[in-house]
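The following exercises are to be worked through with the sequence and the model at hand. Each task is followed by a solution in steps.

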Amino acid sequence: MTETFKPQSANDTRDLLSWAVSEKAPLEVLGNGTKRGFGHLVVASHSLDLSGLSGIVDYEPAELVLTARAATPISEIEELLRQSNQQLAFEPPDLGPLYGAPAERATLGGVVAGNLSGPRRVQTGAARDHTLGVEVATGRGELIKAGGRVVKNVSGYDLTKLMCGSWGTLGVLTQIAIKVLPAPEKTRTVLISGQSAEDACLAMTAALSSAHEVSAAAYLPAPIADRSRVSYVAGAGAAVTAIRIEGPPVSVEVRNNALRDLLAAFGDIEELHGHNSGAFWQEVRDATPFCSTGSVLWRLSVAPASGGTVLDALGDLGIEGYLDWGGGLIWASSGDNLDLARQVRSHAEAAGGHATLVRAPDALKAAVGVFHPQPATRAGLSQRIKDGFDPIGILNPGRMVQGS
Amino acid sequence: MTITMPKPDQAVLEGRDAFLAALSGCIPADNLIADSVGLKAYECDALSAYRTLPLAVVLPENTDQVADVVRLCHANQVKVVPRGSGTGLSGGALPLEDGVILGLGKFNRILEIDYANRCVTVQPGVTNLAISQAVSAAGFYYAPDPSSQIACSIGGNVAENSGGVHCLKYGVTTNNLLGLEIVLMNGDVVRLGGKHMDSDGYDLLGILTGSEGLLGVITEVTVRILPKPATVGAQLLGFGDLQSAGDCVARIIAAGIIPAGLEMMDKPAVHATEDYCKAGYPLDVEALLICELDGPSAEVDELSDRVEAIARDCGATTIRRATSEDERQRFWLGRKSAFPAVGKISPDYYCIDGTIPRGRLSEVLTRMGELSKQHGLGVVNVFHAGDGNLHPLIMYDAGKPRDLETTEALAADILRLCVEVGGVLSGEHGIGVEKRDLMGVMFTEDDMKQQQRIKCAFDPDGLLNPGKVFPLLHRCAELGHMHVHHGKLPFPDLPRF
């Protein structure tokens, strides 16, 4: 009989896991369940619904740290941070809508467990760089803590990093201390229209290599720019390269002008101001152009300068996509086809990176794997780490690696 | 020395000659040190209070040689202690009597500078500063800048997750690292990360960083480089009491300003450094802040005005803005000379490294003053105020009986205080042997056992740098054991659907 357990505290969670160990009862671990489709289908007898572990525990703006229970919605955290002009600087994406879930339901635990980061990744780092400490119930039925709530910390192994991107397969996050930063006073996005992907990479590289403190750089080919809800972008009728700068108004003015001068040689320059800029980068962050299509969706992480080449190669296969992270992140949408999937993987590898199958029918996931296959030695290390946290495999079995 | 190290393996000590002969088959003869004079140079790292002569020192030149050496050690169950430049302050590279020191000093080449991808790939023995120097002409630098950056190796930086004065804005090593090549204790070579920004699976790069040489031998490092800021400005802010200086730090940050560096010195530190290097510091202050801001000059000017207003509001008695690069360097001169300056006024000093929440700064300093009186040893404070990383320097005289023991007891009390107020044992120096026995102050037995299971995944025989970081060594078989409570669901009233 399948049951859903809904613990109300970290201790409840630990006790439940202890019980699951004794019963050898695998569990599917869920926050609000918005990204259930990310990863392989979890085969578990029961569900662990963490939505009861919600709420902000502590927030001290001057300490630049916020502590919240794992299933606290990101939207609730951002709402509170706004009151002190602060933000989660890694720009957590809201990927739920890619799977048909409602927007703004993503939880802190889900974002951390997936190590999901938005466009500002190029400047301020990923979710893993902002996660300072965690409380975790392990697959051994123990409640442990790792890290702390300070930014400088070398006290034992950094288990916090390991929890980021482990998708609930090592432990159940119950509480998280996360770094927060001041929100920018002003934002500008410089747009270049009509570039090829390769030229866009050159422009983004020039911008990111300048002293103008670029906080995001993306490239949308014409058909994708066309789908934007920001009229300046959709109305361009051409590919759009976008470079964002943020900071105190006087600084943004200066850098905006300098950046326009630097990029003038690359094409026609336009500008997005605060509101439009926010809407545009949210689309880039959430892969919104692929939200309504329901197609197979990939996320490639590659050496940034090679992003344009890879995007072109994918284009030759009839796969459409766009670049974020200055070329280092490619969102790409393809047909449900095994051969295409293999080619996506090999292009990612050739560019020194990897490809994750973010959305696909279960059969395609099973055939090629959701996460990029690893060399045997690294896969062995990962499996032994998993065995140390979850010896009998009760946590999200098979979600990252099938059969484990 | 009050720390207990694992008991040497007699069989290894007795089989030394045969083992050395086998070692000489792995590496050129010049790269093997086995005579007592040669070994003496490796008996300690920068935590010189602890010294041991190693079984042997090997200085391999490439990854294959590293793999051969560790494979041989593994086969003979000989322990291995990796070592970079030996500048570590927590005894992470302290030799073991029955262990080989694996020195990576000959891994000193920059392998690739890739400006388009804004990264540099180097061998682990390359110094931290050499990376910045190599890319400086093109307008780039490597951000983490530990004070030993002229000598410390990048491999050591990764092992200790080193920081520096610019961490608040630019992060520590782990935030600036893209890729590693490591050799496991069984000789397997593993590559982690690369030039891309996201991990494909568990974040092994993250777990390796700060692992203090216990998980793998680092043989190649890829780091992110950043474009240099357009301008850099600095301010000197003096206060009549510690509380006001602490408030000023909190208010700068609460105002949305993230300085590139925000350093604090207490009165004894100000006086010691002023006597030592004449940086021009005001002597009538209880606390001195150095606030460094970077960015376009318009931004630096604007934010400097805001900082100045906050400082004035907090009752600053000195507010000085560097008007030239020369003056900015002079502001930093004193801070950077703090350690040698204290060395001048005290026969010996002992540097500790806790991190605390910024808001508890003045409280911690006050209580530290009480502890200092209680133990009868003076403490000078210089620290990274922006990120709460303290570096109290305890002044003692190694020539006096029991002075070192008292110092260690005072250091332990200060670190306990850091943990008590919500901080951690080490911000950037690592646990090593120095703080090993204090791990229990911060972590429960279950926390530490879970950490040690990571060790088991990488090095099940426990041959890589044992005796460091963890106070109690558990066998991996014991750590793998799970106590199962059979029974009913523990909470029948739990909501379910």
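**Exercise 1: A parallel sheet in chain A**

In β3(A), L48(A) is the residue that stands opposite F5(A). The model is predicted, so that local features need pLDDT of at least 70 and side-chain atom pairs count only at pLDDT 80 or more, while totals for chains, interfaces and linings use all residues. Residues are numbered from 1 along each chain as its sequence is written, and chains are lettered from A and ligands numbered from 1 in the order in which they are written.

Task: determine the order of the strands in the open sheet of 3 strands in chain A.

Solution. Step 1: β1(A) and strand β3 (residues 46–49) of chain A pair in the parallel sense over 3 bridges. Strands are DSSP runs (E, at least two residues; helices are H or I, at least four), numbered from the N terminus, and two strands pair if DSSP finds at least two bridges between them.
Step 2: the order is β1-β3-β2, with parallel pairing.
Step 3: β1 (3–5) and β2 (27–30) of chain A each pair on one side only, as edge strands.

**Exercise 2: A hairpin in chain A**

Task: state how β4(A) and β5(A) run and how many bridges join them.

Solution. Step 1: strand β4 (residues 56–60) and strand β5 (residues 65–69) of chain A run antiparallel and are joined by 4 bridges.
Step 2: I56(A) has A68(A) as its bridge partner in β5(A).
Step 3: the hairpin has 4 residues between the strands, and L64(A) takes a positive phi near 55°.

**Exercise 3: Helices across the two chains**

Task: describe how α10(A) and α11(B) pack.

Solution. Step 1: helix α10 (residues 249–263) of chain A packs with helix α11 (residues 297–313) of chain B at an angle of about 175°, their axes lying 8 Å apart. Axes are lines fitted to C-alpha atoms, for helices over the stretch in contact, and angles run from 0 to 180 degrees between N-to-C directions.
Step 2: α10(A) and α11(B) are therefore roughly antiparallel to each other, a term for angles over 145 degrees.
Step 3: V250(A), S251(A) and V254(A) meet A298(B), E299(B) and E302(B) in this contact, where contact requires C-beta atoms, placed from the backbone, within 7 Å.

**Exercise 4: The interface as a whole**

Task: how many residues of each chain are in contact with the other chain?

Solution. Step 1: 80 residues of chain A are in contact with 88 residues of chain B.
Step 2: helix α15 (residues 376–389) gives the most to the chain A side, with 7 residues.

Notes: Two residues are in contact if their C-beta atoms, placed from the backbone, lie within 7 Å. Angles under 35 degrees count as roughly parallel, over 145 as roughly antiparallel, 65 to 115 as roughly perpendicular and the rest as oblique.
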